[in-house]
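Q: I am new to this structure. Can we walk through how to read its features?
A: Yes. Take a look, and then ask about one feature at a time.

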Amino acid sequence: MDIPRTPAGFDAGELAALLDGRWADVRAQVRSALEGTELPPGDHLDTEAHRALTLEQLHLLVKSGIPEIGFPVAQGGQGDTGGSVVSLEMLAGNLSLMVKSGVQWGLFGGAVQALGTERHHERYLPSIINLDLPGCFAMTETGHGSDVQRLRSTAAYDPATEEFVVHTPHESARKEYIGNAARDGRMAVVFAQLFTGGQGHGVHAFMVPIRDSAGAVLPGVHIEDCGRKAGLNGVDNGRITFDNVRVPREALLNRYGDVAADGTYSSPIDSTGKRFFTMLGTLIRGRISVAGTAGSATKLALEIALRYGSARRQFDRPGTDEETVVLDYLGHQRKLLPALAKTFALHFAQEQLVSTLHEVQGSGDERAQRELESRTAGIKAVTTWHATRTIQIAREACGGAGYLAENQLPQLKADTDVFTTFEGDNTVLLQLVAKGLLTNYKGQFDELGTMGMARFVADQFVGAVIERTAAKSLVQRLVDAAVPDDEEAVFERGWQVKLFDDRERHVLDGLARRLRRATGGSADPFEVFNDAQDHVLRAARVHIDRVVLEAFVAGVERCQDPDTALVLERLCDLYVLSTVEEDRGWFLEHERITPRRAKAVTEAVNGLCQALRPHAVDLVAAFGLPRQWLTAPIANGAEQQRQEVQREHDRRDV
């Protein structure tokens with residue numbers, strides 16, 4: 001099989017500019033700010049010292065101006081929602097700092113900004129931005145993590161004093177794993193069930209002081225330290241319980257629900273369920289930030305492993321007096337290069353997601369907001385799972401050196417492991433994606449309306465319609481294009497896109513039929529959904545695969561330099577074909593590819609790995625991670641050796 005041409009080189013500046021994308025200025029600002037700011041990770045310190053260092057570094061970030069980016073101009077910010085997400089991605093070399101920043105300015109400050117009104121913005125946001133008011137985001141409870149709608153904390157209104165009484169009725173309602181709670185937080189945005197006159201109005205958010213200005217815990221508030229964790233020990237996670245703590249009526253973040261002095265409840269959204277999901281929808285910036293940071297941590301791990309692999313030698317090379325460079329082995333290439341290709345694909349998908357967030361938030365477009373929430377859930381799940389897998393692969397690719405703390409990979413692995421359940425458990429998030437997709441079938445199957453499945457699906461994502469996400473006309477032209485029926489077709493982008501598109505439609509149609517068949521008489525809604533959960537999760541995964549591919553195709557289309565675009569084309573091929581190879585059982589079972597085509601896919605993956613191998617380090621370096629994050633000796637010491645190896649390859653080619 002002939003692998004399509006891969007140029008001898010490409011324009012690194014062109015690729016770097018393409019990857020910096022819409023928020024290139026923010027990336028440049030963060031790189032510049034970090035150059036003169038010492039932000040060592042502190043992973044070698046004990047817990048208390050690590051926490052103290054991270055808080056000190058948080059104050060250094062305030063001086064850099066980075067935290068201002070996402071907040072309203074009226075409160076001293078820059079009003080750049082997308083830029084705020086990108087700035088957090090750039091902190092991936094110090095993940096405790098990134099997470100503590102995300103808690104302070106993304107979750108705590110973001111909740112005040114999104115759920116509060118002008119009075120809250122004026123009173124709190126300036127102090128949140130400059131860190132005079134360190135805070136917490138107190139949503140998760142011991143008994144309810146993913147099921148936020150059924151939190152047990154209560155906030156009952158007392159009209160006699162015009163106060164809310166915030167209370168933890170039992171242990172399962174205790175706020176759990178709350179960042180900034182154990183040591184530094186003085187205020188918490190507390191999510192609780194709001195009651196007025198004995199009537200419940202669903203989950204709302206309240207500003208609740210937890211410490212005084214001297215750091216002493218306030219009466220009625222009880223805080224426990226969660227203790228040392230597997231990673232992220234610069235973040236002070238704690239447990240909070242409230243014993244009838246009183247806060248003024250104005251403590252309610254009242255953008256979507258308010259209580260008058262006499263206890264009368266009002267809301268611009270009549271439905272309790274719709275109001276709840278509208279509130280949560282405004283908070284997805286944190287979920288998108290986790291996906292972006294996981295992607296950056298993956299890039300860092302790959303750069304370490306690829307730099308080391310391009311210099312490390314093992315075993316004699318026949319016919320020479322040199323040992324073989326590890327990255328010249330196909331087996332080593334197969335470990336790292338498909339992961340690199342998927343990292344590129346997810347980078348473009350993340351960029352598209354951030355742009356959509358920037359444009360949709362505050363637009364009032366309910367359908368676009370629901371679509372954004374669904375896509376965010378899927379990208380976050382896929383990206384964090386990819387990070388967990390790829391960092392482990394990178395560690396193994398570096399052998400014993402990858403196990404040394406100084407080479408960063410063990411800490412990257414420990415710090416990112418929680419991302420698969422942080423800001424939403426990935427399995428639960430994929431179910432949200434599938435429910436959003438299934439609403440397309442709501443009008444087709446009347447039987448769904450007679451059971452809880454319709455409520456389970458449609459009420460949560462009303463009218464969500466998943467469409468093509470990027471370069472729509474280009475992608476459609478590719479799908480419509482005729483594809484030759486031979487083994488070389490595996491490199492035809494139209495065949496690739498159509499294959500992913502067809503798989504998604506088949507899986508989703510099959511799921512809808514399966515649910516329809518199960519809807520009868522006394523069918524139990526939970527059992528119907530639970531019995532099809534494997535199918536539900538697959539539908540979400542293949543949908544996200546298609547969305548990511550379309551984002552990659554759109555990214556390549558934006559590239560102006562022909563040689564750079566060709567390298568990206570080959571990376572896109574590798575992303576597609578390695579994905580097909582992983583799922584070839586399904587493609588063969590459903591006769592989407594023949595056994596001969598399956599073999600051609602494997603041959604193509606091998607050929608692409610070998611063709612891209614000379615560019616591997618330059619490709620991962622183009623992501624432009626701040627150089628201060630790359631501290632691993634095996635990466636930094638490998639550069640001169642890598643250049644010598646490259647000169648050796650060039651001589652051999654001549």
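A: Start with a pair of helices: helix 3 passes helix 5 in a right-handed crossing. Keep in mind that this is a predicted model.

Q: How is a packed pair of helices described?
A: Two numbers serve: the angle between the two axes and the distance between them. Here, the axes of helix 3 (residues 47-64) and helix 5 cross at roughly 60 degrees and come within 10 Å.

Q: Which residues make the contact between helix 3 and helix 5?
A: Helix 3 brings His50, Thr54, Leu55, Gln57, Leu58, Leu61 and Val62. From helix 5 come Ser96, Leu97, Lys100, Ser101 and Trp105.
An α-helix has 3.6 residues a turn, so residues three or four places apart point the same way.
Sorted by class, the contact of helix 3 with helix 5 has six nonpolar, five polar and one charged residues.

Q: At what angle do helix 18 and helix 20 pack?
A: The angle is about 145 degrees, and the axes of helix 18 (residues 562-582) and helix 20 (residues 595-612) are 9 Å apart. Helix 18 passes helix 20 in a left-handed crossing.
On the helix 18 side, the contact residues include Val567, Leu571, Leu574 and Leu577. On the helix 20 side, they include Val601, Val605, Leu608 and Leu612.
By class, the contact of helix 18 with helix 20 divides into eleven nonpolar, two polar and three charged residues.

Q: Which loop residue can we look at beside helix 20?
A: Try Thr594, in the loop between helix 19 (584-589) and helix 20. Thr594 has a relative accessible area of 45%, so this residue counts as partly exposed. Thr594 and Arg584 are ten residues apart in sequence, and their C-alpha atoms are 9.8 Å apart in space.

Q: Now a single helix. Which residues of helix 7 are buried?
A: In helix 7 (residues 272-281), the buried residues are Arg275, Phe276, Phe277, Thr278, Met279 and Gly281. They pack against helix 5 (95-115), strand 6 (199-209), strand 11 (265-266) and helix 10 (366-397).

Q: What caps the N-terminal end of helix 7?
A: Ser271 does. One of its side-chain oxygens lies 3.4 Å from the backbone nitrogen of Gly273.

Q: Is Thr278 buried or exposed?
A: Thr278 lies in helix 7. Buried means under 20% relative accessible area. Thr278 has 16%, so Thr278 is buried. Setting aside neighbours within four places in sequence, Thr278 is in contact with Tyr256, Ile269 and Arg370.

Q: How many aromatic pairs are there in the whole structure?
A: A search finds nine. Take Phe276 and Phe277: their ring centres are 5.0 Å apart and their planes stand at 80 degrees, so the pair is edge-to-face. Both Phe276 and Phe277 are buried.

Q: Which residues form an aromatic cluster?
A: Tyr157, Phe164 and Phe206 form one.

Q: Last, the whole protein. How many helices and strands does the protein have?
A: There are 23 helices and 13 strands. The protein has 654 residues, and 58% of them count as buried.

Q: What share of contacts joins residues at least 24 apart?
A: Count contacts between residues at least 6 apart in sequence: 76% of these join residues at least 24 apart.

Technical notes:
Residues are numbered from 1 along each chain as its sequence is written. This is a predicted model: local features need pLDDT of at least 70, side-chain atom pairs count only at pLDDT 80 or more; totals for chains, interfaces and linings use all residues. Side-chain values use heavy atoms; hydrogens and water are left out. Axes are lines fitted to C-alpha atoms, for helices over the stretch in contact, and angles run from 0 to 180 degrees between N-to-C directions. Helices (H or I, at least four residues) and strands (E, at least two) are DSSP runs, numbered from the N terminus. A crossing is left-handed if the near helix is turned anticlockwise from the far one by less than a right angle, and right-handed if clockwise. Contact means heavy atoms within 4.5 Å. Ala, Val, Leu, Ile, Met, Phe, Trp, Tyr, Cys and Pro count as nonpolar, Asp, Glu, Lys and Arg as charged, and the others, Gly among them, as polar. Buried means under 20% relative accessible area, exposed over 50%, partly exposed in between (1.4 Å probe, protein chains only). A polar contact is a pair of N or O atoms within 3.5 Å; within protein, one must be able to donate a hydrogen and the other to accept it, and residues adjacent in sequence count only if both atoms are side-chain atoms. Rings of Phe, Tyr and Trp (its six-membered ring) pair if their centres lie within 6.5 Å; planes under 30 degrees apart count as stacked, over 60 as edge-to-face and the rest as tilted.
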